[in-house]
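Open the model in your viewer and keep the selection tool handy. We'll go from stop to stop, picking things out and looking around.

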Amino acid sequence: MSTTPLIATGLRHAYGNRPALAGIDLRIEPGDFVVITGASGSGKSTLLHALAGVIVPDAGSVRFGDVSVSGASEEARSALRRTRFGVLFQFGQLVEELTAVENVALPLLLGGMPRRTAEARAGEWLGRVGVAEVAGQVPGELSGGQAQRVALARALVSEADILFADEPTGALDSLAAEAVMDLLSELNADLGATIVLVTHEPRVAAYGRTEVHLRDGRIDTLSSYGQDDVIAQALR
Ligand SMILES: Nc1ncnc2c1ncn2[C@@H]1O[C@H](COP(=O)(O)OP(=O)(O)OP(=O)(O)O)[C@@H](O)[C@H]1O
Ligand SMILES: [Mg+2]
């Protein structure tokens, strides 16, 4: 488990002249389970991408210990995403030409792990997310829910310090969504992985200990829940 907080200061970002982030300050403690909520277009995905080093914000900084995420080169940011950060995007992003198990093994192969070891570990993660049987299939042969679980396994396979996930249950039915959320909770509780998750579903948001609610690219409310609050919120 990492003991390093992720610290964002003064984040601003626009697409052309459309502002998406309008000044965000946020500190994410190691081991926390953070949910980012807010209306469609409020900047959730943009914030997640800036925190994970997928995009470099127009202004402000993101720091992870002595690493400047926002100041790192493209190459250094992608290395960071293969090792310390796991990222699950809102829309699939599996490599169409590769089988499920090859997709999951990819971050390990890129990190220099031998193929056989990487694919064995990838196979284990497919099992943990409940889709071991699709290992040999390419993305075109998977259902939306299966593809999302394969993408989740790929985000988890490096056993990153922080998992960033954008609507990880969006394409899943409620039973499958619950299974994925239980898995993430387990990862958070047992391995101490920090989780930062975007969702618009209250049932999913209820798994979080910290809720960052965005409105027009700004933090509208920041709430922390103890375990009792989480249970009370889930029962509501
Ligand atoms: N690639 C892009 N090009 C242009 N504008 C964009 C792009 N991505 C996002 N935006 C705009 O930036 C703002 C924030 O978008 P963002 O995707 O971060 O919102 P969101 O909260 O994730 O929305 P959703 O819940 O619909 O996924 C919106 O006004 C959106 O239209
Ligand atoms: Mg989004």
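A bit of vocabulary before the first stop: two strands pair if DSSP finds at least two bridges between them. Helices (H or I, at least four residues) and strands (E, at least two) are DSSP runs, numbered from the N terminus. Also good to know: this is a predicted model, where local features need pLDDT of at least 70 and side-chain atom pairs count only at pLDDT 80 or more, while totals for chains, interfaces and linings use all residues. Residues are numbered from 1 along each chain as its sequence is written, chains are lettered from A and ligands numbered from 1 in the order in which they are written, and side-chain values use heavy atoms, with hydrogens and water left out.

**Stop 1: strands side by side**

Select residues 33–38 and 210–215. These are β3 and β9, which pair in the parallel sense over 5 bridges. Click on I36 and you'll find its bridge partner in β9, V212.

Now add residues 218–224, strand β10. It pairs with β9 in the antiparallel sense, over 6 bridges. R215 has R218 as its bridge partner in β10. The two strands make a hairpin with 2 residues between them, and D216 in the turn has a positive phi of about 50 degrees.

**Stop 2: an open sheet**

Which strands make up the open sheet, and in what order? There are 4, running β2-β1-β4-β5, with antiparallel pairing. The edges are β2 and β5 (67–68), each pairing on one side only. Zoom in on β4 (residues 59–64) and β5: they pair over 2 bridges in the antiparallel sense, and F64 has V67 as its bridge partner in β5.

**Stop 3: ligand 1**

Select ligand 1 and show what is near it (a heavy atom within 4 Å). You should see Y15, R18, A20, A39, S40, G41, S42, G43, K44, S45, T46 and Q90 around it. Both β2 (18–28) and α1 (44–51) supply at least two residues of this shell, and the largest share, 3 residues, comes from α1.

Colour the shell by class and you get 3 nonpolar, 7 polar and 2 charged residues. Here Ala, Val, Leu, Ile, Met, Phe, Trp, Tyr, Cys and Pro count as nonpolar, Asp, Glu, Lys and Arg as charged, and the others, Gly among them, as polar.

Next, look at some distances. Oxygen atoms of ligand 1 come to 2.9 Å from a side-chain N or O atom of R18, 2.5 Å from one of S40 and 2.6 Å from one of T46. Taken alone, the ligand exposes 630 Å², and the protein buries 64% of that (Shrake-Rupley method, 1.4 Å probe).

**Stop 4: a threonine in a loop**

Go to T199, in the loop between β8 (194–198) and α7 (202–205). Is T199 buried or exposed? It counts as buried because its relative accessibility is 1%, and buried means under 20% relative accessible area (1.4 Å probe, protein chains only). Its side chain reaches the backbone nitrogen of E201 at 3.0 Å. Leaving out residues up to four places away in sequence, T199 touches I36, T37, K44, E167, V204 and A205; contact means heavy atoms within 4.5 Å.

**Stop 5: helix α3**

Finally, select residues 100–110. In this helix, A100, V101, N103, V104, A105, P107 and L108 are buried. Show α2 (74–83), α4 (115–128) and α5 (144–156) too, as the buried residues of α3 pack against them. Just after α3, G112 takes a positive phi of about 100 degrees.

How values were computed: Polar contact = N/O pair within 3.5 Å; in protein donor to acceptor, adjacent residues only side chain to side chain. Buried < 20%, exposed > 50% of the residue type's maximum accessible area, 1.4 Å probe, protein only.
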